[in-house]
Amino acid sequence: MTGDGAADAAVEIIQREMTVFARRARASAGRMHPELSLVSYTLLGHLEEVGGCRATDLALHYALDKSTVSRQVAALERAGLIGRRTDPEDHRVQVLYPTPAGAEILAQVTRSRRVAFRERLAGWPEEDLTRFASYLLRYNATAPGLGAERPAAGPRGD
């Protein structure tokens with residue numbers, strides 16, 4: 001991209017705006033539910049989406065350090081939002097899964113997030129929404145370190 005002033009400027013704007021987006025997402029996560037950070041929400045959502053998995057699978061899927069995942073898992077367990085069960089295929093492995101309380105909080109936060117997104121995007125024409133969604137899918141599909149099994153759409157439509 002060197003030498004192309006317009007492309008360089010666009011990349012700078014994208015970087016800056018993605019940073020603003022990430023900061024806003026982290027800040028709003030705390031307002032949606034005090035027990036559920038953005039990382040916790042994401043991990044809990046993935047556990048629900050895949051029907052449970054190991055902590056190491058979470059770390060690999062989200063390209064997170066194992067210690068980060070361990071802290072989040074411990075907090076989710078203390079809050080009663082996830083549980084552990086023995087993997088039926090390998091009894092040495094513990095599979096994490098959302099508890100009924102975790103699934104309910106996840107559903108509440110997801111509904112709140114969906115409302116917030118709809119409000120923020122309310123004035124956008126359908127064509128712009130579709131284009132924006134396709135750009136986000138394209139961008140995230142090429143994200144290094146994230147699992148290749150990523151679904152074609154967001155896990156809960158948010």
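This tour moves through a predicted model, from a pair of helices to several charged side chains. Residues are numbered from 1 along each chain as its sequence is written, and side-chain values use heavy atoms, with hydrogens and water left out. Because the model is predicted, local features need pLDDT of at least 70 and side-chain atom pairs count only at pLDDT 80 or more, whereas totals for chains, interfaces and linings use all residues.

**Stop 1: helices H2 and H5**

Select residues 38–50 (helix H2) and residues 100–120 (helix H5), which pack at an angle of about 115° with their axes 10 Å apart. Helices (H or I, at least four residues) and strands (E, at least two) are DSSP runs, numbered from the N terminus. Axes are lines fitted to C-alpha atoms, for helices over the stretch in contact, and angles run from 0 to 180 degrees between N-to-C directions. H2 and H5 are therefore roughly perpendicular to each other (angles of 65 to 115 degrees). Next, show the side chains of Leu38, Tyr41, Leu44, Gly45 and Glu48 in H2, together with Gly102, Ala103, Leu106, Val109, Thr110 and Arg113 in H5; these residues make the contact (heavy atoms within 4.5 Å).

**Stop 2: Asp87**

Select Asp87, which lies in strand E1 (residues 82–87). Asp87 is buried and has no salt bridge. Buried means under 20% relative accessible area, exposed over 50%, and partly exposed in between (1.4 Å probe, protein chains only). A salt bridge is a side-chain nitrogen of Lys or Arg within 4 Å of a carboxyl oxygen of Asp or Glu. Select Arg54 as well: this is the nearest side chain of opposite charge to Asp87, and it is 6.1 Å away. Leaving aside neighbours within four places in sequence, Asp87 is in contact with Val93 and Val95.

**Stop 3: salt bridges**

The structure holds seven salt bridges. One of them joins the side chains of Glu77 and Arg84 (2.7 Å, N to O). Glu77 counts as partly exposed at 30% relative accessibility, and Arg84 counts as partly exposed at 41%.

Move next to Asp90 and Arg92, whose side chains meet in a salt bridge (3.0 Å, N to O). Asp90 is partly exposed, with a relative accessible area of 22%, whereas Arg92 counts as exposed at 74%.

Finally, select Asp128 and Arg131, where the salt bridge is 3.4 Å, N to O. These two residues are three apart in helix H6 (residues 126–141), so about one helical turn separates them. Add Glu127 to the selection: salt bridges that share partners join Glu127, Asp128 and Arg131 into one network.

Key. Lys and Arg count as positive and Asp and Glu as negative; His and the chain ends are not counted. Angles under 35 degrees count as roughly parallel, over 145 as roughly antiparallel, 65 to 115 as roughly perpendicular and the rest as oblique.
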